[in-house]
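Hello,

Here is the structure I said I would pass on. Please look through it alongside the notes below.

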Amino acid sequence: MCRRANPQEVFLGFTQLLPEQGRETIRQTSLSTGEALADMAASWSEAAPKERRDLVGGLLTVEGLVYDLERQVIVGLIPRPSVLPVLALGLQQTGKWEQREGGLW
């Protein structure tokens, strides 16, 4: 069974990604944050709706989910600034998302 990621721990990991820190610290924080995201993904199917909302709330800004009502798809994400580098790295690898204007589109 996968350990459920604590949203608060994940958010604190993201906030440690500050420009004034050394490269090694950023690398270590990125690795642990990536592991936390993997834990979140693994436990997503088992999470209750409230737990899912809390997980997403720790990643995105208040208006951070951009939904196209006509096509019924998510067309943009506006993550918290501290989360953007990690999410961009992961989502850009899919070839379906690109980083621009402070978000992923």
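**Salt bridges**

Lys 50 and Asp 54 form a salt bridge in which the closest N and O atoms are 3.1 Å apart. The model is a predicted one, as are the contacts described here. Lys 50 and Asp 54 lie four residues apart in helix α3, so about one helical turn separates them. Asp 54 counts as partly exposed, because its relative accessibility of 33% falls between the limits of under 20% for buried and over 50% for exposed.

The count of salt bridges comes to three. Another of them joins the side chains of Asp 68 and Arg 71, at 3.1 Å from N to O. The two partners are classed differently by exposure: Asp 68 is partly exposed at 22% relative accessibility, while Arg 71 is exposed at 54%. There is also a salt bridge between Arg 100 and Glu 98, with 3.0 Å between the closest N and O atoms. Here Arg 100 counts as partly exposed, at 38% relative accessibility, and Glu 98 counts as partly exposed too, at 43%.

**Overall layout**

The protein has 105 residues, and 27% of them count as buried. It contains four helices and four strands. Read from the N terminus, the order of these elements is α-α-α-β-β-α-β-β.

**The largest pocket**

How much space lies in the largest pocket? The volume is about 520 Å³. The lining of this pocket consists of 18 residues, and those closest to the pocket centre are Val 56, Leu 59, Leu 77, Leu 87 and Leu 91.

Several elements contribute to the lining. At least two lining residues come from each of α2 (23-43), α3 (49-59), β1 (60-68), β2 (73-79) and α4 (84-92). Helix α2 gives the largest share, with five residues.

As for chemical character, 16 of the lining residues are nonpolar and two are polar. No charged residue is part of the lining.

**A nonpolar patch on the surface**

Which residues form a nonpolar patch on the surface? They are Leu 65, Tyr 67, Leu 69 and Ile 74, and their accessible area together is about 430 Å². Leu 65 belongs to strand β1. This leucine has a relative accessible area of 48% and is therefore partly exposed, since the class of exposed starts over 50%. Leu 65 still qualifies for the patch, because membership asks for over 30% relative accessible area.

**Backbone angles to check**

Most residues other than glycine have a negative phi. Two residues in this model are worth listing under that heading.

- Gln 72 is not a glycine, yet its phi is positive, at about 60°. It sits in the loop between β1 and β2 and counts as exposed, with 58% relative accessibility.
- Glu 101, also not a glycine, has a positive phi of about 55°. Its place is the loop between β3 (99-100) and β4 (103-104), and with a relative accessible area of 69% Glu 101 is exposed.

**The loop between β2 and α4**

Where is Arg 80 placed? Arg 80 is in the loop between β2 and α4, and Pro 81 is found in that loop as well. Arg 80 counts as partly exposed, at 29% relative accessibility. Pro 81, in contrast, is exposed, with a relative accessible area of 70%.

Each of these loop residues can be paired with a glycine some way off in sequence. For Arg 80 the partner is Gly 58: the two are 22 residues apart in sequence, and their C-alpha atoms are 8.0 Å apart in space. For Pro 81 the partner is Gly 102, at 21 residues in sequence and 7.7 Å in space, again from C-alpha to C-alpha.

**In brief**

To recap, the pocket to look at is lined by 16 nonpolar and two polar residues, with α2 supplying the largest share of the lining. On the surface, the nonpolar patch is made up of Leu 65, Tyr 67, Leu 69 and Ile 74. The salt bridges number three, and the positive phi values to keep in view are those of Gln 72 and Glu 101.

Regards

Notes:
Residues are numbered from 1 along each chain as its sequence is written. This is a predicted model: local features need pLDDT of at least 70, side-chain atom pairs count only at pLDDT 80 or more; totals for chains, interfaces and linings use all residues. Side-chain values use heavy atoms; hydrogens and water are left out. On a 1 Å grid over the protein atoms alone, a cavity is a set of points where a 1.4 Å probe fits but cannot get out, and a pocket is an open set with protein on both sides within 12 Å along at least five of seven lines; lining residues have an atom within 4 Å of a point. Grid points are joined across faces, edges and corners, and a volume is the space filled by probe spheres set on the points. Ala, Val, Leu, Ile, Met, Phe, Trp, Tyr, Cys and Pro count as nonpolar, Asp, Glu, Lys and Arg as charged, and the others, Gly among them, as polar. Patches are made of residues with over 30% relative accessible area and no salt bridge: like charges are joined within 9 Å, nonpolar side chains (Val, Leu, Ile, Met, Phe, Trp, Tyr) within 5 Å. Accessible areas come from the Shrake-Rupley method with a 1.4 Å probe; for residues, only the protein chains shown count as cover. A salt bridge is a side-chain nitrogen of Lys or Arg within 4 Å of a carboxyl oxygen of Asp or Glu. Buried means under 20% relative accessible area, exposed over 50%, partly exposed in between (1.4 Å probe, protein chains only).
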